[in-house]
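Colleague: I would like to learn how to read some packing features from a set of coordinates. Could we go through them one at a time?

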Amino acid sequence: MSENSPGPAGGIKHPVTKTAGARPGTHYPGRLGSSIASIPAPLYLVLAALVVTASLTGNLPDTMVVGFATTILLGGLFIWIGNLFPVVRDFGLPTILCTFAPATLAFFGVMPGNLVTVVQNFIEGHGFLDFFVIGIIAGSILGMPRALLLKAGPRFAVPVVGCLIATFVLVGLLGLVTGFGFIEGILFIAAPIMAGGLGVGALPMSKMYASATGSDSAAFMGDLMSAVVMANVVCILIAGIYNGLGKRKKQLFVGFNGHGQLMRIKGRSDELTLPPKRDASSFIALGKGLLIAGSLFVFGNLMAAFAPGLHPYAWAIIAAAAVKIFGLLPKDIEESTADWGDLIGAVLVPALLVGVSLTYIDIKDVIASLSNPLFILLTACTVVIATVTSGILGWLVKFNFVEASITPGLVMADTGGSGDVSVLSAANRMHLMPFAALTNRLGGALVLFVTSLIVPLLA
């Protein structure tokens, strides 16, 4: 089908670029050449100069559309800068810059006040955070094949659920023993790390915690983001160790290292196969996906008004899962919602990170967290516990230990998206990406739901 031919849903087909250089995805590690924010550098400079001039003169309109333009331009710049540095970019430097550089610049007064205000209102007042999170939730769940959920879910759920329970309990106990606190260890260390990404981890969790305690999301965001980013580095280091073990070709025990093969049972891997993501959608399809995501968010808020024990995100997850399991939506509507979630994940992650950085992150709190040896210890222990327990439980259900340690183990503890790419490339097992996607979809939603049940104890 040609690029401008009508799509089946009545829109126009536009293929989505899957790669940037040698790496998939526009915000993943890998140099992007002369393009910044996916547009030619000279054009980027013109647009950036326009925004900077407007902000310096106090004429940057405080509207939603300007919020999109500003955060996309800033996010694209920090991703581009991070990708200029070999080696460290594979340890998440682009994501780290998007997460902490804007807040640092604002702290030192480098960011124009008008620009900061516009971004903060975009994230909170105009609801961009909800816009992002609900799109990811809806797309992840409705985009998963129903047969895969029902057939392969029980087997893959053993290491996912078991790893989650073990990590929550053990990190909570470590927090209790060390004086950090049992509930605090779970909610501030284990939960955001184990959510498998920022979109369903630190970001919505900060809103949950703020709602439960009556405080501001900013009071929690610094700690949560610091834990997630630090854990991602630990994940990549462990993945590199597994890669080194694989090169030695030694089996510590039967089923220890599958050298890239997840399952020890032949002929069953098709049960755990995700279909390839579609690389094209239509305008009409994306519009339908936005409608479904928005409706799920309305349902979540409505249910939370009558049953406030669960956060609206948790109710939205329940609704999406029920819709998927019972097949309540036509297939094309499910695919449209998945397309919408893919669009959000492919285009708006850097924009969201920049917005969250300027809105919620206080660099003084981040420095305090990273200078706390106990915080660092609990973060590293969370990754190690997740890795080992996932490997053991996976081995018990006929997965190979190393591969099960990587996914769901390390994949649940990294930053999702770019974190998955970094971890799997460090482990030399990029072909496990479909299983990483399954982990993020199942595990992320589950962690967010379980966290919503525990949050009332924080108050």
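Colleague: In which helix is Glu403 found?

Modeller: This is a predicted model. Glu403 is found in helix α17, which spans residues 401-413.

Colleague: Is Glu403 buried or exposed?

Modeller: The cut-off for buried is under 20% relative accessible area. Glu403 has a relative accessible area of 0%, so Glu403 is buried.

Colleague: Which residues is Glu403 in contact with, leaving aside neighbours within four places in sequence?

Modeller: One stretch of partners is Asn257, Gly258, His259, Gly260, Gln261 and Leu262. Glu403 is also in contact with Arg429 and Leu432.

Colleague: Let us take Thr167 in the same way. Where does Thr167 lie, and what does Thr167 touch?

Modeller: Thr167 lies in helix α7, residues 153-178. With a relative accessible area of 0%, Thr167 is buried. Not counting residues up to four places away in sequence, Thr167 touches Gly172, Ala190 and Met194, along with Thr382, Ile385, Ala386 and Thr389.

Colleague: Met194 is among those partners. Which residues have the most contacts inside the largest nonpolar core?

Modeller: They are Phe168, Met194, Tyr209, Met225 and Leu410, in a core of 128 residues. Helix α10, residues 218-248, gives the most to this core, with 15 residues.

Colleague: How are two packed helices described?

Modeller: By the angle between their axes and the distance between those axes. Here, helix α11 (residues 283-306) packs on helix α13 (residues 331-347) at an angle of about 90 degrees, and their axes are 7 Å apart. Angles of 65 to 115 degrees count as roughly perpendicular, and α11 and α13 are therefore roughly perpendicular to each other.

Colleague: Which residues of α11 and α13 meet?

Modeller: From α11 come Ala285, Leu286, Lys288, Gly289, Leu290, Ile292 and Ala293. In α13 they meet Asp332, Ile333, Ser336, Thr337, Asp339, Trp340 and Leu343. This contact of α11 with α13 divides into eight nonpolar, three polar and three charged residues.

Colleague: At what angle do α3 and α14 pack?

Modeller: Helix α3 (residues 93-107) and helix α14 (residues 349-360) pack at about 35 degrees, with axes 8 Å apart. The crossing of α3 past α14 is right-handed. On the α3 side, the contact is made by Thr95, Cys98, Thr99, Phe100, Pro102, Ala103 and Ala106. On the α14 side, Pro350, Leu353, Val354, Ser357 and Leu358 take part. By class, the contact of α3 with α14 has nine nonpolar and three polar residues, and no charged residues.

Methods
Residues numbered from 1 in each chain as written. Predicted model: local features only at pLDDT ≥ 70, side-chain atom pairs only at ≥ 80, totals over all residues. Heavy atoms only, no water. Core = buried A, V, L, I, M, F, W, Y, C linked by side-chain atoms within 4.5 Å. Buried < 20%, exposed > 50% of the residue type's maximum accessible area, 1.4 Å probe, protein only. Helix = DSSP H or I, 4+ residues; strand = E, 2+ residues; numbered from the N terminus. Axes fitted to C-alpha atoms, helices over the stretch in contact; angles between N-to-C directions. Parallel < 35°, antiparallel > 145°, perpendicular 65-115°, else oblique. Contact = heavy atoms within 4.5 Å. Nonpolar A, V, L, I, M, F, W, Y, C, P; charged D, E, K, R; others polar. Left-handed = near helix turned anticlockwise from the far one by under 90°.
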